[in-house]
Amino acid sequence: MSAQTPWPVAAFDPVRSLHVIAAVTPGAAVREALLDAPFDQVWAAAADLEGGLPRWLPDIREVRLAAPREGGRPQALVIGRTGLRARFDLELEPGWCLMRSRFLLGGMAARAEPEGTRFAFLGAFRTPAGGLLGRALRPATDPLAGRSLRRFARLVRER
């Protein structure tokens, strides 16, 4: 290629980007819904990690945001209903949230559409057997994911 020929660029909206991450993460699953609410209202509910996540994700009891470690990203300490704890590195900006711990990957994304806002969330295990584990648990996690989306939609309507 000559110096004047531009490199190809593939720019994706946040929801599509979440699907790309899922496609390259063994066992990851993305669930999404089109919500009848404006983007700002949907993202306000999604970005409220401390107050919101425990209200719509059934396995989370508490989320505590923490300052970044030296030179690192912001952190979130997530405490599960069983008492398990995980510290996540956090990327959070309008329409995008990605949370990575040693063993888990979670994400949320949103984009405005003419009919409302498309909201998606991702979950995956970050272990060598994460793909097998994710696929084995899918019959149990799929119904939970559907319930979580309905709970999130209710949370958005309450705002």
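Begin by selecting Arg111, which is partly exposed at 24% relative accessibility. The model on display is a predicted one. Add Glu113 to the selection: its side chain meets that of Arg111 in a salt bridge, with 2.8 Å from N to O. Glu113 has a relative accessible area of 17% and is therefore buried, since the limit for that class is under 20%. Now extend the selection to Asp13, Glu32 and Arg118; together with Arg111 and Glu113 they form one network, joined by salt bridges that share partners.

Next, select Glu91 and Arg73. These two residues form a salt bridge whose closest N and O atoms lie 3.5 Å apart. The pair links distant parts of the chain, 18 residues apart: Glu91 belongs to strand S4 (residues 85–93), whereas Arg73 is in the loop between strand S2 (60–66) and strand S3 (75–80). Arg73 is partly exposed, at 39% relative accessibility.

Move on to Arg159 and Asp48, another salt bridge, with the closest N and O atoms 3.2 Å apart. Here the partners are 111 residues apart: Arg159 lies in the segment after H4, and Asp48 in the loop between helix H2 (39–47) and helix H3 (49–56). Arg159 is partly exposed at 47% relative accessibility, and Asp48 is likewise partly exposed, at 29%. The count of salt bridges comes to 9.

Finally, select Arg147, Arg150, Arg154 and Arg157, which gather on the surface as a patch of positive charge. Of these, Arg154 may be centred in the view; this residue is in helix H4 (residues 130–158). With a relative accessible area of 41%, Arg154 is partly exposed.

Definitions and conventions:
Residues numbered from 1 in each chain as written. Predicted model: local features only at pLDDT ≥ 70, side-chain atom pairs only at ≥ 80, totals over all residues. Heavy atoms only, no water. Patch = residues over 30% accessible without salt bridge, like charges linked within 9 Å, V, L, I, M, F, W, Y side chains within 5 Å. Areas by Shrake-Rupley, 256 points an atom, 1.4 Å probe, with all protein chains shown as cover. Salt bridge = Lys/Arg side-chain N within 4 Å of Asp/Glu carboxyl O. Lys, Arg positive; Asp, Glu negative; His and termini not counted. Charge placed at Lys NZ, Arg CZ, Asp CG, Glu CD. Helix = DSSP H or I, 4+ residues; strand = E, 2+ residues; numbered from the N terminus. Buried < 20%, exposed > 50% of the residue type's maximum accessible area, 1.4 Å probe, protein only.
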